[in-house]
Amino acid sequence: MPYYVFRIGMFKVLEKQGEWATFKEARAHVNELRKTLDPKSGDKYKMIFAENEIVAQETLTAERELDKSLSGDDW
């Protein structure tokens, strides 16, 4: 399975930056991209290990449920 790197913009718009066979190559690339990122833009770079590009995109854009044990309502 390959490693994918995506730029995530406003409204979770994904822009594929590339894919790599090894973690080391993907990590080096995403680290270089992060150095060029304007912190005011709100964009992020994410690396993900996935079966294919569609699974990677679905995973990055999926809404996650809040863990109720972390909400502090039980106090």
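1. Two strands are taken to pair if DSSP finds at least two bridges between them. With that in mind, this predicted model can be read from its sheet outward: three strands form an open sheet in the order E2-E1-E3, and the pairing is antiparallel. Strand E2 (14-20) and strand E3 (44-49) stand at the edges, each with a single partner strand, so one side of each is left without a neighbour in the sheet. From one strand to the next, the twist averages 25 degrees.

2. On one side of E1 (residues 3-8), six bridges join this strand to E2, and the two run antiparallel. Within this pairing, Tyr3 stands opposite Trp20 in E2, while Arg7 stands opposite Glu15 in E2. The hairpin of E1 and E2 has five residues between the strands, and in this hairpin Phe11 takes a positive phi near 60 degrees.

3. E1 also pairs with E3, in the antiparallel sense and over six bridges, and here Val5 stands opposite Met47 in E3. As a general point, strands of a sheet pair through backbone hydrogen bonds, either parallel or antiparallel.

4. How many of the six residues of E1 are buried? Five of them are, where buried means under 20% relative accessible area, and E1 is therefore largely enclosed by the rest of the structure.

5. Two helices should be viewed together with the sheet. Helix H1 (residues 23-36) lies across E1, E2 and E3 and runs at about 170 degrees to E3, whereas helix H2 (residues 53-61), which also lies across E1, E2 and E3, runs at about 45 degrees to E1.

Terms used. Residues numbered from 1 in each chain as written. Predicted model: local features only at pLDDT ≥ 70, side-chain atom pairs only at ≥ 80, totals over all residues. Heavy atoms only, no water. Helix = DSSP H or I, 4+ residues; strand = E, 2+ residues; numbered from the N terminus. Axes fitted to C-alpha atoms, helices over the stretch in contact; angles between N-to-C directions. Contact = heavy atoms within 4.5 Å. Buried < 20%, exposed > 50% of the residue type's maximum accessible area, 1.4 Å probe, protein only.
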